[in-house]
Amino acid sequence: MAGESMSAADYIKHHLQSLTSLSDVSKGQGLQNIADFSFINLDSLFIAAFLAVLGSLAMWYAARKATPGVPGRFQAAIEILFEFIDNLCKGIIHNEQSRKTVAPLGLALFVWIVLMNTMDLLPVDLLPWIWQHVTGNHHALLRVVPTADLNITLGMSIGVLLTCFMFNVKIKGLGGWIHELFAAPFGIWLAPFNFILNLVEFSSKTISHGMRLFGNMYAGELVFLLIAMLGGAWAMPGEAVTWIDPVLAFFHILAGFIWAVFHILVIVLQAFIFVALAFVYIGQAHSSH
């Protein structure tokens, strides 16, 4: 990173490591082992929480400033987004009472995921560079795309699963849902087989739901890292500049621009797919076998 050379493999490996210990922050400042959360990616949690608050404040501001007359650009954009999510919810979930809960949940998920995905458009070294100078540690770790962290995406998909459980109990009653787990789809005489099959269905939907978002954003993050290395050679300290470096720098800028424009579609599309599948899974809780 800053002030030292590293191979391409080391560069990518560094950017794909998460901050899991506050001792990573303290190096270079005379403090060691403040706290160790080796099983928690602190950077993903902090950035995801910050963007959740930011998205909530934006939606609150839009609702507070909404006027019945001709809307401003921001209000119009929020209204279009709200109608889009509401119509999507109506097309999948036909219970009006349930939609009062599920539609706002879908809107919150969509805004949150778009904000987290958009972090991928920042220059890959910008926030890590700032973080390193703040901490005084040239080896400080910081990943800035929460949805490129499987823990975050699986956490969201598990949240959708728990919401499905809640609606199953609400619509069918606890006894009715438990009976369905053991009786569907092949009848009560195959209760153990039915129960195992339903567990596999719930777990596979949840895992694939989180893995889909993670896989696409992780791949996008890798492409941005590869593009960043195209023009990185000429900027490395102590390296002699040759004729090939400006060429690589040009293709670095060109490829970065093209991929960023394309990635905008990926950012929005992946948020839409996650929300649409959430609606589908919650809608399935309203149907009985």
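**Salt bridges in the predicted model.** The model is predicted, and its salt bridges number four. Three of them appear in the views that follow: Asp86–Lys90, Lys172–Glu180 and Lys205–Glu201.

**Asp86 and Lys90 pair within helix 4.** Their side chains form a salt bridge, 3.4 Å from N to O. Helix 4 spans residues 73–92, and the two partners sit four residues apart in it, so about one helical turn separates them. Asp86 is buried, because its relative accessibility of 19% falls under 20%. Lys90 is partly exposed at 40%.

**Lys172 meets Glu180.** The closest N and O atoms of this salt bridge are 2.8 Å apart. Glu180 is buried, with 13% relative accessible area.

**Glu201 and Lys205 pair within helix 8.** The N to O distance in this salt bridge is 3.7 Å. Both residues lie in helix 8, four residues apart, about one turn of the helix. Lys205 is buried at 15% relative accessible area. Glu201 is partly exposed at 34%.

**A cis peptide bond joins Ala184 and Pro185.** Omega is about 5 degrees. Pro185 is placed in the loop between helix 7 and helix 8.

**A nonpolar patch lies on the surface.** Its members are Val169, Leu174, Ile178, Phe182, Phe186, Ile188, Trp189, Leu190, Phe193 and Leu197. Together they have about 1,000 Å² of accessible area. Helix 7 (150–183) and helix 8 (191–230) each give two or more residues. Helix 7 gives the most, with four. Leu197 belongs to helix 8. Leu197 is partly exposed, with a relative accessible area of 35%.

Definitions and conventions: Residues numbered from 1 in each chain as written. Predicted model: local features only at pLDDT ≥ 70, side-chain atom pairs only at ≥ 80, totals over all residues. Heavy atoms only, no water. Patch = residues over 30% accessible without salt bridge, like charges linked within 9 Å, V, L, I, M, F, W, Y side chains within 5 Å. Areas by Shrake-Rupley, 256 points an atom, 1.4 Å probe, with all protein chains shown as cover. Buried < 20%, exposed > 50% of the residue type's maximum accessible area, 1.4 Å probe, protein only.
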